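Dear colleague,

I am handing over the structure we spoke about, and my notes on what was found in it follow directly below. Please read them with the model open beside you.

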Amino acid sequence: GWVRIFVGWSLGEPSPGAYDRSYLNRLADEVAAYEARGIKTLFVVQDTPWWAAGPRGAGPAPPADADTYARFVAELARVTSPGAIEIWNEADSETFWRGAPDAAGYTALLRAAYPRIKATDPNVRVITSGMVGNNYEFLQGMYASGAAGSFDAVGVHTDTACLLTS
């Protein structure tokens with residue numbers, strides 16, 4: 001009953017505050033097409049644009065300022081009204097959170113995004129980054145950093161459990 005769609009922040013907001021309306025409208029059309037078939041959408045939003053990059057660079061790396069990401073996901077929720085938005089993909093993996101996983105840094109992103117999305121559309125569910133396997137240490141780190149109350153569900157990617165080395 002759900003489809004998971006990756007959304008590139010760098011595609012949706014190629015320069016500060018300048019949203020690519022054709023890209024966002026295509027996503028809105030996808031949401032409508034799936035809804036017409038009884039399928040809900042979950043957007044996975046990542047890929048920091050060059051202009052929002054922090055010290056780890058653009059792409060699969062955290063932004064310099066979590067609020068810039070939060071503004072984008074709120075606009076995405078406003079324009080597309082998906083069933084859910086997953087805040088980043090596998091932030092507990094160096095592949096998608098360049099440099100090294102950082103539960104506190106990720107929690108800052110989650111805490112910035114949640115209230116903005118809910119203020120825009122309270123029906124959109126906010127999902128944590130899908131975590132590799134059952135990464136309880138990362139989840140505990142999120143809670144220790146104040147993540148409680150900043151998401152509606154925890155994302156777990158059990159299909160990647162074979163990638164765990166611990």
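F138 has its place in helix α5, which covers residues 136-144; please bear in mind throughout that this is a predicted model. With a relative accessible area of 6%, F138 counts as buried, because buried here means under 20% relative accessible area. In sequence F138 and P101 are 37 residues apart, while in space the C-alpha to C-alpha separation of the two is 8.3 Å.

The sheet comes next. How are its strands ordered, and in what sense do they pair? The sheet is open and has 4 strands in the order β1-β2-β3-β4, with parallel pairing. Its edge strands are β1 and β4, each of which pairs on one side only, and from one strand to the next the twist averages 25 degrees. As general background, strands of a sheet pair through backbone hydrogen bonds, either parallel or antiparallel.

Going through the pairs one at a time, β1 and β2 run parallel and are joined by 7 bridges, with G8 standing opposite Q46 in β2. Between β2 and β3, which also pair in the parallel sense, there are 4 bridges; here F43 stands opposite I85 in β3, and V44 has E86 of β3 as its bridge partner. The parallel strands β3 and β4 are joined by 3 bridges, and in this pair E86 has I127 in β4 as its bridge partner.

Two of the connections can be described together with their helices. β2, helix α3 (residues 66-80) and β3 form a right-handed β-α-β unit, and a right-handed β-α-β unit is likewise made by β3, helix α4 (residues 103-120) and β4.

As for burial, strand β2 (residues 40-46) has 6 of its 7 residues buried, so this strand is largely enclosed by the rest of the structure. In β3, A84 and E86 point one way whereas I85 and I87 point the other way, and all of these are buried. In a regular strand, the side chains alternate between the two faces of the sheet.

Finally, there is the second largest pocket, which has a volume of about 160 Å³. Which residues line the second largest pocket? The lining is made up of W2, V3, R4, L42, A84, E86, R125, I127, G155, V156 and H157. Sorted by class, this lining has 6 nonpolar, 2 polar and 3 charged residues. At least two lining residues are supplied by each of β1 (2-8), β3 (84-87), β4 (125-127) and β6 (156-157), and the largest share, 3 residues, comes from β1. When you look at this pocket, you will meet again E86, a lining residue that is also the β3 bridge partner of V44, and I127, another lining residue that is the β4 bridge partner of E86.

With best wishes

Technical notes:
Residues numbered from 1 in each chain as written. Predicted model: local features only at pLDDT ≥ 70, side-chain atom pairs only at ≥ 80, totals over all residues. Heavy atoms only, no water. 1 Å grid on protein atoms, 1.4 Å probe; cavity = no way out; pocket = protein on both sides within 12 Å on 5 of 7 lines; lining within 4 Å. Points joined across faces, edges and corners; volume = space filled by probe spheres on them. Nonpolar A, V, L, I, M, F, W, Y, C, P; charged D, E, K, R; others polar. Buried < 20%, exposed > 50% of the residue type's maximum accessible area, 1.4 Å probe, protein only. Pairing = 2+ DSSP bridges. Right-handed = clockwise from strand over helix to strand, strands pointing away. Axes fitted to C-alpha atoms, helices over the stretch in contact; angles between N-to-C directions.
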